Amino acid sequence: MPMPLRDYSRDGIKNRCDNEDSLNKRSFAGCPPSLAHTLRLHFAFADVAMHRGRCCHVRAEVEPLASVGIFKFNFNRRGRIMTHALVTGASGFIGAHLVRELMRRGHEVSCLVREHSDRSRLEPFAPRFVTGDVTAPTSISRALDGVDEVYHLAGVTKCLHVRNYARINEDGVANVSKCCAERDQPPVLVVVSSLAAAGPSSESKPRTESDTPNPVSNYGRSKLAGERAAMRFAADVPTTIVRPPIVLGSGDRDGLEMFKTIAKFGFHLAPGFHDDRVSVIHAEDLSKALMLAASQGRRVSTNPSHAT
């Protein structure tokens, strides 16, 4: 039996948004969090009136079950269904830019952060903080509650011991991927790798995605291993891997030293016998690219040997 229609007038929606304290802004009521990604919805009213961008009830017909029920959705101020995104490594340089861009576009954001991580750059955006670590699967599973998309940024670029690269950059990816695969409705997973996983290009030919990876550093090899770890779960988790080049922007401590030298002396010394060329991207542009990868990106193969 279809559930009876409720008052979907502007006043009716407004009153329920104001009066129903039970509204949970982080999930649907009675359906998987990624329902909007997997089922086609037919809204049974012509005009959804939002009140202060808060959550409201709608009537939806869900195919292929053809059943009609009342579900609870999150809408942003533009009347669009909100995505709940989890960002690992959110307290880092790139993570802070991504969290800001996600929230600027009206998404709900959770941040997996370690207990003693500096949250000062994230606190102005008021995301949901989940204390945990990519080496602790229990905390990852807790952070995934109600999540539609996962942006896995957590990683290390410098280590004293090679095993620490593997523990974070490879095992960390495997943990996140496995936890996503264990969900009833696995979220979209965007794994942020590095151009170092592909290795340098020759002077005469830029590297392409179809080239066989040839990393030349322990960091690059660990990021490639992380890509292959994600692929082991790609049959169950829609996964896209992004290999950013050098990332610049506000909050970048590594690149800051180079620019300090240029500001002081007008140049920066780069030892070597050749004019080396490097690829760079601004953190804001990378954030937008990662969001596009989540919504429109090509998903990777399930064969780890095809990591290109």
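Two strands are taken as paired where DSSP finds at least two bridges between them. With that criterion in mind, the tour of this predicted model begins at its strands.

**Stop 1: strand S8**

Select residues 188-192, which form strand S8. Five of the five residues of S8 are buried, so the strand is largely enclosed by the rest of the structure. Colour the two faces separately: Val 188, Val 190 and Val 192 lie on one side, Leu 189 and Val 191 on the other, and all are buried. The general background is that side chains in a regular strand alternate between the two faces of the sheet.

**Stop 2: the neighbours of S8**

Add strand S7, residues 149-152. S7 and S8 pair in the parallel sense over four bridges. To find one point of register, display Val 150, whose bridge partner in S8 is Leu 189. Then show helix H5, residues 162-181, which together with S7 and S8 makes a right-handed β-α-β unit.

Next, add strand S9, residues 239-242. The pairing of S8 with S9 is parallel and runs over four bridges. Here Val 190 has Thr 240 of S9 as its bridge partner. Helix H6, residues 218-231, completes a right-handed β-α-β unit with S8 and S9.

**Stop 3: helix H8**

Move to residues 283-296, helix H8. At 1.5 Å a residue, its 14 residues should span 20 Å, and the end C-alpha atoms are 20 Å apart, which agrees. Which residues of H8 are buried? They are Ala 283, Leu 286, Ser 287, Leu 290, Met 291, Ala 293 and Ala 294. These residues cover an arc of only 155° around the axis, which puts them on the same side of H8. Their packing partners include strands S7, S8 and S9, already on display, as well as helix H3 (93-104). Strands S10 (246-248) and S11 (280-282) are also packed against by the buried residues of H8.

**Stop 4: helix H3**

Select residues 93-104, helix H3. The 12 residues of H3 should span 16 Å at 1.5 Å a residue; the end C-alpha atoms are 17 Å apart, which agrees. H3 is mostly covered, with nine of its 12 residues buried. Among them are Phe 93, His 97, Glu 101 and Leu 102. The buried residues of H3 pack against strands S4 (84-88) and S5 (108-113), and also against S7, S10 and H8. Just after the helix, Gly 106 takes a positive phi of about 90°.

**Stop 5: Ala 126**

Follow the chain to the loop between S5 and strand S6 (128-131), where Ala 126 lies. Is Ala 126 buried or exposed? At 58% relative accessibility, Ala 126 counts as exposed. Its phi is positive, about 55°, although the residue is not a glycine. In general, most residues other than glycine have a negative phi.

**Stop 6: the cysteines**

Finally, display the cysteine side chains. A search of the whole structure finds zero disulfides. Cys 179 is in no disulfide, and the nearest cysteine sulfur, that of Cys 180, is 7.2 Å away; the cut-off for a disulfide is a pair of sulfur atoms within 2.5 Å. Cys 179 is buried, with a relative accessible area of 3%, whereas Cys 159 is partly exposed, at 25%.

Technical notes: Residues numbered from 1 in each chain as written. Predicted model: local features only at pLDDT ≥ 70, side-chain atom pairs only at ≥ 80, totals over all residues. Heavy atoms only, no water. Expected span 1.5 Å × (residues − 1). Buried < 20%, exposed > 50% of the residue type's maximum accessible area, 1.4 Å probe, protein only. Arc of directions from axis to C-beta. Contact = heavy atoms within 4.5 Å. Right-handed = clockwise from strand over helix to strand, strands pointing away.
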